[in-house]
Amino acid sequence: MLAFAFLTGHASALPFQVTIQPINVCDDSGLNCGNPTEETFFAETRKIWAQADVDVTFLEFNQFNSSAFLNIDGTTQSLIDLRQAAGNGRNADSKVLNIWFLDNIAGGSLAGLAFINSNGIAIADEVFALNRIDTIAHEIGHNLGLTHESANGDDFNLMQEGGDRNIPTSILDIAPDGLGFDQISLNQVNQVRTSVFLTTQADALPEPSGMAILIIGLAATLTLSPRGRVRTVIVRR
């Protein structure tokens with residue numbers, strides 16, 4: 001099983017929180033797994049969502065041994081089946097968002113798959129191979145109720161479709177720094193605040209792992225980055 005280093009005792013200064021259960025999908029033997037590494041982009045995800053005063057906290061990885069789910073076809077039903085599979089590693093708390101890291105989705109043509117306003121995300125190895133550092137944050141946005149349409153065609157917005165969104169190449173490109181990519185609009189912030197998956201300091205979940213990057217405000221420039229070829233697809237339910 002892949003080993004990860006975590007910093008415990010994390011206490012966020014941000015007023016809102018969302019907690020993530022990462023799950024590494026492996027084959028039946030537990031040897032051949034999806035390949036999240038130290039480049040799993042947790043810090044980038046936190047920086048993006050700090051714009052909305054939301055702290056994203058990651059629990060330690062669970063493991064799901066099932067060759068049948070190392071590759072899924074990218075349909076709504078494939079994500080439903082993954083979410084309902086016995087022993088799938090999901091967190092017992094219904095407010096914790098579950099992210100499964102697996103080999104590929106739809107034969108490698110999709111980077112991520114997520115329910116809108118419902119719990120469940122699948123992330124393909126394609127994300128790490130192509131350095132798509134904002135895909136996890138984008139898919140979390142879907143679980144929190146945001147659609148692609150909420151980006152209003154803005155290529156600097158986090159929720160713009162993956163084929164059109166300006167993709168940062170480092171954490172320094174993410175708003176409010178550098179090129180100001182992956183912005184979250186005020187309307188999107190207000191919508192996310194209604195999500196049942198958001199908690200506050202008063203009802204925060206215990207023992208999250210990692211360290212928040214606290215960034216406040218929004219900024220943007222008109223410099224465009226190269227566009228990635230992988231489109232992130234959402235599942236409506």
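Reader: Is strand E7 (residues 110-115) largely enclosed or open, and how many of its residues are buried?

Author: In this predicted model, strand E7 spans residues 110-115. The strand is largely enclosed by the rest of the structure, because the number of its residues that are buried is six of the six.

Reader: Which residue of E8 is the bridge partner of Gly112?

Author: E7 pairs with strand E8 (residues 121-124) in the antiparallel sense, over three bridges. Within this pairing, Gly112 has its bridge partner in E8, and that partner is Ile123.

Reader: Which residue in the turn between E7 and E8 has a positive phi, and of about what value?

Author: The two strands form a hairpin, with five residues between them. In the turn, the residue with a positive phi is Asn117, at about 60°.

Reader: Which residues touch the most other members of the largest nonpolar core?

Author: The largest nonpolar core holds 35 residues. Ile123, the bridge partner of Gly112, belongs to the group that touches the most other members. The full group is Val18, Ile20, Trp49, Ile99, Ile123, Ile140 and Leu144.

Reader: With which residues is Ile99 in contact, leaving aside its neighbours within four places in sequence?

Author: Ile99 is one of the core residues that touch the most other members. Its contacts beyond four places in sequence are Ile20, Gln21, Pro22, Ile23, Ile121, Ile123, Ile136 and Ile140.

Reader: How many residues does the other core have?

Author: Another core lies apart from the largest one. Phe64, Phe69, Leu113 and Ala122 are among its members, and its residues number 18.

Reader: Which elements are included in what covers the buried residues of H1?

Author: Helix H1 is mostly covered, with eight of its nine residues buried. The buried residues are Phe42, Glu44, Thr45, Arg46, Lys47, Ile48, Trp49 and Ala50. Their cover includes strand E1 (16-26), strand E2 (54-58), H4 and H5.

Reader: How far apart in sequence are the parts that the pair Lys47 and Asp177 ties together?

Author: Lys47 and Asp177 form a salt bridge, with 2.5 Å between the closest N and O atoms. Lys47 lies in helix H1 (residues 42-50) and Asp177 in the loop between helix H4 (135-143) and helix H5 (186-192), so the parts tied together are apart in sequence by 130 residues.

Reader: Which of these is buried and which is partly exposed, Lys47 or Asp177?

Author: Buried means under 20% relative accessible area, and partly exposed lies between that limit and 50%. Lys47 has a relative accessibility of 3%, so Lys47 counts as buried. Asp177 has a relative accessible area of 29%, so Asp177 is partly exposed.

Reader: Which residues are joined into one network by salt bridges that share partners?

Author: Arg165 meets Asp134 in a salt bridge at 3.1 Å, N to O. Arg165 lies in the loop between H4 and H5 and Asp134 in the loop between helix H3 (126-129) and H4, so this pair ties together parts that are 31 residues apart in sequence. Asp182 also forms a salt bridge with Arg165, the closest N and O atoms being 3.8 Å apart. Through shared partners, the network joins Asp134, Arg165 and Asp182.

Reader: What relative accessible area does Arg165 have?

Author: Asp134 is buried, at a relative accessible area of 0%, and Asp182 is buried at 0%. Arg165 is buried as well, and its relative accessible area is 0%.

Methods:
Residues numbered from 1 in each chain as written. Predicted model: local features only at pLDDT ≥ 70, side-chain atom pairs only at ≥ 80, totals over all residues. Heavy atoms only, no water. Salt bridge = Lys/Arg side-chain N within 4 Å of Asp/Glu carboxyl O. Helix = DSSP H or I, 4+ residues; strand = E, 2+ residues; numbered from the N terminus. Buried < 20%, exposed > 50% of the residue type's maximum accessible area, 1.4 Å probe, protein only. Core = buried A, V, L, I, M, F, W, Y, C linked by side-chain atoms within 4.5 Å. Contact = heavy atoms within 4.5 Å. Pairing = 2+ DSSP bridges.
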